[in-house]
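Work through the exercises below with the sequence and the 3D view open. Each task is followed by a solution in steps.

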Amino acid sequence: MKVALLGASGMVGSRILAELSRRGHQVTALARNPGKIAALPGVTAKAVDASDQAALAAAFGGHDAAISAVHFTASDPKVLIGAAKASGVARYLVVGGAGSLEVAPGKALFDTPEFPAIYLNEAKAGGVFLDLLKAEASLDWSFLSPSALISPGERTGRFRLGADQLLIDGSGRSAISAEDYAIALVDELEVPKHSRKRFTVGY
């Protein structure tokens with residue numbers, strides 16, 4: 001599959017890039033600084049400005065799918081969605097955030113008093129992105145929210161998927177490695193099960 005990956009040099013994006021390469025996909029890895037993109041089989045690095053909708057649409061064009069792995073506060077969701085639509089890609093997958101997941105009916109994680117203030121703007125921007133996707137009539141999108149804690153770790157392939165509720169394990173922890181997150185995202189790319197939906201992954 002030919003895949004355009006925006007944000008390919010980031011913490012999560014680089015793990016997605018490695019997973020795509022591992023599975024034999026042809027990837028155009030997009031970042032502001034392509035020199036930071038890992039040299040991997042099947043990967044072509046390319047510079048792009050995520051704020052330039054026309055340039056982004058051109059970079060997405062000709063691919064079977066586009067994946068967005070950029071920070072919400074460092075990008076404009078209307079520009080990203082507009083580029084995906086203009087490019088004609090069949091699918092658009094977004095690396096989401098955990099903040100908009102529900103911890104109780106109608107109550108998002110970012111509305112709890114324990115949510116770290118330092119991440120609040122990013123989390124709420126992610127919620128706005130998700131709402132904009134839900135309003136799209138034509139784009140075939142999926143938005144994958146991680147668990148509350150996502151960090152570099154082990155690629156185990158053992159995890160659970162959920163819908164709009166935060167996943168918590170038996171010890172009360174909500175976590176996923178960036179490597180296992182990447183597996184879940186690429187699984188969705190290869191065998192779509194959450195078209196026009198948000199879903200989540202955790203242990």
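Two strands count as paired if DSSP finds at least two bridges between them. The model used here is a predicted one.

**Exercise 1. Strand pairing**

Task: Find in which sense strands β4 and β5 pair, and over how many bridges.

Solution:
- Locate β4 at residues 65-68 and β5 at residues 91-95.
- Strands of a sheet pair through backbone hydrogen bonds, in either a parallel or an antiparallel way.
- For β4 and β5 the sense is parallel, and the pairing runs over four bridges.
- As an example of a bridge, Ser68 has Val94 in β5 as its partner.

**Exercise 2. The sheet**

Task: Give the strand order of the open sheet and name its edge strands.

Solution:
- The sheet has eight strands, in the order β3-β2-β1-β4-β5-β8-β12-β10.
- Its pairing is mixed.
- At the edges are β3 (43-47) and β10 (160-162), each of which pairs on one side only.
- From one strand to the next, the twist averages 20°.

**Exercise 3. Helices on the sheet**

Task: State which strands helix α1 lies across, and which strands α4 lies across.

Solution:
- Helix α1 (residues 11-22) lies across β1 (2-6), β2 (26-31), β3, β4 and β5.
- Relative to β1, α1 runs at about 165°.
- Helix α4 lies across β5, β8 (141-145) and β12 (197-202).
- Relative to β8, α4 runs at about 155°.

**Exercise 4. Helices α1 and α5**

Task: Describe how α1 packs with α5 (residues 178-190).

Solution:
- Two packed helices are described by the angle between their axes and the distance between the axes.
- The axes of α1 and α5 come within 8 Å and cross at roughly 55°.
- That angle makes α1 oblique to α5.
- The crossing of α1 and α5 is right-handed.
- On the α1 side, the residues in contact are Met11, Val12, Arg15, Ile16, Glu19 and Leu20.
- On the α5 side, they include Tyr181, Ile183, Leu185 and Leu189.
- By class, the contact of α1 with α5 has 11 nonpolar, no polar and three charged residues.

**Exercise 5. Helices α2 and α3**

Task: Repeat the description for α2 (residues 53-60) and α3.

Solution:
- The two axes come within 8 Å and cross at roughly 45°.
- Helices α2 and α3 are therefore oblique to each other.
- Their crossing is right-handed.
- Gln53, Leu56, Ala57 and Phe60 in α2 meet residues of α3, among them Lys78, Val79, Gly82 and Ser87.
- The contact of α2 with α3 divides into eight nonpolar, three polar and one charged residues.

**Exercise 6. Helix α4 and its neighbours**

Task: Describe the crossing of α3 with α4, then find what Phe129 pairs with.

Solution:
- The axes of α3 (residues 77-87) and α4 (residues 120-134) come within 10 Å and cross at roughly 35°.
- The crossing of α3 and α4 is right-handed.
- Pro77, Lys78, Leu80 and Ile81 in α3 meet Phe129, Leu132 and Leu133 in α4.
- This contact has six nonpolar, no polar and one charged residues.
- Now turn to the rings: the whole structure has four aromatic pairs.
- One of them joins Phe72 and Phe129, edge-to-face, with 5.6 Å from centre to centre and 70° between the planes.
- Phe72 is in the loop between β4 and α3 and Phe129 is in α4, so this pair ties together parts that are 57 residues apart in sequence.

Technical notes
Residues are numbered from 1 along each chain as its sequence is written. This is a predicted model: local features need pLDDT of at least 70, side-chain atom pairs count only at pLDDT 80 or more; totals for chains, interfaces and linings use all residues. Side-chain values use heavy atoms; hydrogens and water are left out. Axes are lines fitted to C-alpha atoms, for helices over the stretch in contact, and angles run from 0 to 180 degrees between N-to-C directions. Helices (H or I, at least four residues) and strands (E, at least two) are DSSP runs, numbered from the N terminus. A crossing is left-handed if the near helix is turned anticlockwise from the far one by less than a right angle, and right-handed if clockwise. Contact means heavy atoms within 4.5 Å. Ala, Val, Leu, Ile, Met, Phe, Trp, Tyr, Cys and Pro count as nonpolar, Asp, Glu, Lys and Arg as charged, and the others, Gly among them, as polar. Angles under 35 degrees count as roughly parallel, over 145 as roughly antiparallel, 65 to 115 as roughly perpendicular and the rest as oblique. Rings of Phe, Tyr and Trp (its six-membered ring) pair if their centres lie within 6.5 Å; planes under 30 degrees apart count as stacked, over 60 as edge-to-face and the rest as tilted.
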